[in-house]
Each structure stands twice: as structure tokens, then as C-alpha cells.
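Here is a short report for someone meeting this structure for the first time. Please look over the sequence and the 3D view before reading on.

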Amino acid sequence: MEKIAIGFLGCGNIGCGVYKLLETYGAQIEANEGVSFEVRRILVRSLGKKRALPIPGHLLTDRAEEVIDDPQIAIVMEFMGGEEPASSYMIRALERGKTVVTANKMALASRWTQIVATAREHQSGLYYEASVCGAIPIIRAINDSLQANRITSVMGIINGTTNYILSRMSREGASYDEVLADAQRLGLAEPDPTADVGGYDAAYKLSILSTLAFHRHVPVNCVYREGITGVTPLDVQCGKEFGLTLKLLAVAKEENGVIQARVHPTFVPNAHPLASVSDAFNAVYVDGHACGEMMFYGRGAGDMPTASALVSDLIKAGKNKKHPLPAVCAEPCVMADDWSCVHFVRMLAKDEPGVLSYVSGKFAEHGVSIASMVQKGARDAQGCVQVIFLTHKASERAVRKALAEMDDEKVAQGSVIRVEGE
Ligand code: HSE
């Protein structure tokens, strides 16, 4: 069987994972799928670096053009990460009519319009299952299995690092800083964890997912984003007392053509399937008008789970006579400037007559209705107590306005955490 020549851009853990899968499983792929691949060239930063696998030296190059411009290479697999130079390399490969298979959510989300337009113009293949949630076939599901649906919402735990941190904070009552330091020691969080804990990684992924689910380009800068750096053990504990579990949730909803896309710490009721997704696992919960609610669960990161999705895309690219492109309408999306959900509000209130009615009065002035309230613990030295409110579904803007107007002699605000999935 004729082998399809492929080139790698990058050869870190994920690239080595793909190489290993092709080495160990290539014959079976050929037997089962009727396609065969040959790695022809691998772009690396340092030719002399010791790698996890014994890759023959003649495959390695430190010159990108030896991959991108080689007319024999039909498929370029990109695992460099980052926006540049990965985006420019992918665009150049697409311009040369090559198929690109990538795991790079940052490049794809940040340069979506340009990358997709280039693929369309040159009728080149573009495959990116591995860019969102590693091994979970969520892009395949949305594009190839749920086309008969109007998808109304996509909610997911799409960052494993933050889910690991929040799961341990919840189990152990530990602080964010303690668990982060531990996760860094274990190699589960990067030395600079900003992309994960700041919610950026999840925002890139949500931009891609919501664009595909709603068939409108949802630019990453339209995704509202809050990370987990301000999460306190007290909030995690108070949430538990209300039967809620804290997650960094990516939420995208579409209603009457208006889209909301947001990433922020979110409480979900313990009975919701997303509440039981722990540690570094990912899950995406999709609601479609015909399929109903469904959840996709699995490993969202790591060399072999990511390589599993990349090699699946490679096989699909190798077999396809015509490459599919995202079914996304050219009209710009209309983004919501407010949203409605239950809010968990923790504040430190003066423990004196009239303060609670003052707070509930302020909420009422802005149309925010309170569902329940708990006063916790004893007074502190300033005569204040922790008070937690759960609102009924309320406009985010109204909750913020009500809080901003409250007299700080009477209440100090602790935190506002949205609740979804109730
Ligand atoms: N750092 C990501 C995570 C994996 O923790 O899920 C790559 O997107």
C-alpha cells in the first residue's frame, strides 16, 4: 500500500506520543483502515536534544521549510503550541494544498478566520479534534453526529489542571496556593500556570466549541473569562453546605440568535453529572433539541490521550477524498451583553438589626429575588458575620449593580459565584 508522507511541526511529548502510536499501531491502522503513513520529516527546536523516543536522526530538521515546503509531504501535523510561529506555518502549509492536523487551540481560536479561510481557498484539509478536550471526540460529535440538532447549550469542564486543583480543594479543604504548588511539583500544572488557572486555555476551547455548535464564529475575545485564582476554601465549603460543587465551567448558550460564552468558577448541584467529574478529567455536556442532554467524558490532556485524537484525525484526513470544513455562517455572531443565572453571593455583614433587610431591599430594588440565605459562625472582632445568599435566576448586571450600591459600612463583599445546571 502506498504510504502517505507526513511531517511533524514539533516533537515534544505529544509529537513523541503520535510517533509512538504510529510505530506501534501503524500496521493495525493499515489493516483496519486501509491507510498507511510514513513520517518523512520532523521539525525540532534543537537537533541534539535527548528525546523520550529513539527517533532516527535523519528525520529531524530545525528548518521549518523542510516540512512545510516539501512537495512530498501531504499532511502536516502541528504540535508546537502557541500562536506563533505555529499559525504562520499552518497557513503556509494550507496555502500549499497540504492537510493540517493540529492540537493547537490557541492558534486555532486566535486566528480562526484566517486559518479556515485559507483552508477553504486552497481546498486543503484542516483537522483539529485534539485541540479541545484531548481524547474526547467532542468535535467529531458536534460536526458529524449531532448535525440534525439545534444545539442550545454546551457546558464543560474543559481544563484538567483547574479541575484537579478545585477537586483537591473541595476534598481536602486546602487553599488554592497549597494545591497549585503541589500540582506544579507533580507536573500537573505548568511552572507558569496562567494559561490554565486564568481560564485562557478554556476560553480558547470554548471559542472553538461554541463556533461549531452554533454555526457562528464566536471570537475568543468575546468569551467572558474569569480564572480560579481568587477561589477560597471558604467559598468551596459554603457551596458544599448548599449541595453545590465548584468547577471552572465553560458555558455557551444560544437563544434567539444571541450567544453567551463564558468561562468562570461555577457551582453545579451535586446531582448534576458535571459535579462528579473530578481531578484532571474533562467532560462536555451538550443539549440539543433532538438528542436531548448528553455528556462526553474522558482525558482532556496528556501525550497519549492527545495523540489518540491526533492519529484519529490523521486517519480521517488520509481516507477522505474531500475534506470537510466547519459549517459556520459568515455573518458575525451577536453576543449577549448580560445573562441570567442563580448567583451565590457571600458577604461579611454587620451583625446588627436591619442589615439583612437592607441587603434584601437592595437586591429587590434591582429585581433580584433571594431563594435562600444562611448566616454562618460567630461575630468577628468588628462585629461582622459571614452571610451567604442564593438568588433565584437573576440578571448578572442587576446583581452587580445591587452589590455596587450597597453601603460598605454595612456589608463587605466576599464573592459572587454563578450557579449553573440547577
Ligand atoms: N493544560 C490543559 C489542561 C491541557 O489542563 O486541560 C491542554 O489544553
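## The ligand site

A polar side-chain atom of Lys 205 lies 2.9 Å from an oxygen atom of the ligand. That is a polar contact: a pair of N or O atoms within 3.5 Å, where, within protein, one must be able to donate a hydrogen and the other to accept it, and residues adjacent in sequence count only if both atoms are side-chain atoms. The protein buries 82% of the 260 Å² that the ligand exposes when taken alone. Accessible areas come from the Shrake-Rupley method with a 1.4 Å probe, and for residues only the protein chains shown count as cover. Two elements give two or more residues to the shell around the ligand: helix 7 (160-172) and helix 10 (200-214). Helices are DSSP runs of H or I with at least four residues, strands are runs of E with at least two, and both are numbered from the N terminus.

Asp 196 also reaches the ligand, with a polar side-chain atom 2.8 Å from a ligand nitrogen. For Asn 159, an N or O atom of the side chain is 3.4 Å from a ligand oxygen. The residues around the ligand are Lys 105, Asn 159, Gly 160, Thr 161, Asp 196, Asp 201, Lys 205 and Ala 301. A residue is near the ligand if one of its heavy atoms lies within 4 Å of it. By class, this shell has four charged, three polar and one nonpolar residue. Here Asp, Glu, Lys and Arg count as charged; Ala, Val, Leu, Ile, Met, Phe, Trp, Tyr, Cys and Pro count as nonpolar; the others, Gly among them, count as polar.

## About the model

This is a predicted model, in which local features need pLDDT of at least 70, side-chain atom pairs count only at pLDDT 80 or more, and totals for chains, interfaces and linings use all residues. Residues are numbered from 1 along each chain as its sequence is written, and side-chain values use heavy atoms, with hydrogens and water left out.

## Salt bridges

Side chains of opposite charge can pair when their charged atoms come close. A salt bridge here is a side-chain nitrogen of Lys or Arg within 4 Å of a carboxyl oxygen of Asp or Glu. The count comes to 31 salt bridges. One of them joins Lys 205 to Asp 201, with the closest N and O atoms 2.6 Å apart. The two residues are four apart in helix 10, so about one helical turn separates them. Lys 205 is buried, at 5% relative accessible area, and Asp 201 is buried too, at 10%. Buried means under 20% relative accessible area, exposed means over 50%, and partly exposed lies in between (1.4 Å probe, protein chains only).

Helix 7 holds another pair. Arg 168 forms a salt bridge with Glu 172, and their closest N and O atoms are 2.9 Å apart. These residues sit four apart, about one turn of the helix. Arg 168 counts as buried at 13%, whereas Glu 172 is partly exposed at 45%.

A third pair is Glu 405 and Lys 362, whose side chains meet in a salt bridge of 3.7 Å, N to O. This one links distant parts of the chain: Glu 405 is in helix 14 (residues 396-405), Lys 362 is in helix 13 (residues 355-365), and their positions lie 43 residues apart in numbering. Glu 405 is partly exposed at 40%, while Lys 362 is buried at 14%. Arg 41, Arg 63, Glu 65 and Glu 66 are joined into one network by salt bridges that share partners.

## Two helices and their cover

Which residues of helix 5 (residues 112-122) are buried? They are Trp 112, Ile 115, Val 116, Thr 118 and Ala 119. Seen down the axis, these buried residues fall within an arc of 155°, so they line one face of helix 5. The arc is that of the directions from the helix axis to the C-beta atoms. Thr 113 and Glu 121 are exposed on the other side of helix 5.

Helix 3 (residues 86-95) is mostly covered, with seven of its 10 residues buried. Among them are Tyr 89, Met 90 and Leu 94. Gly 97 follows helix 3 and has a positive phi, near 80°.

## Inside two strands

Ser 415 is found in strand 18 (residues 411-419). Ser 415 is buried, at 14%. A polar contact of 2.7 Å joins its side chain to that of Asp 235.

Phe 267 belongs to strand 10 (residues 258-269). Phe 267 is buried, with a relative accessible area of 0%. Its C-alpha atom is separated by 12 Å from that of Gly 156, 111 residues apart along the chain.
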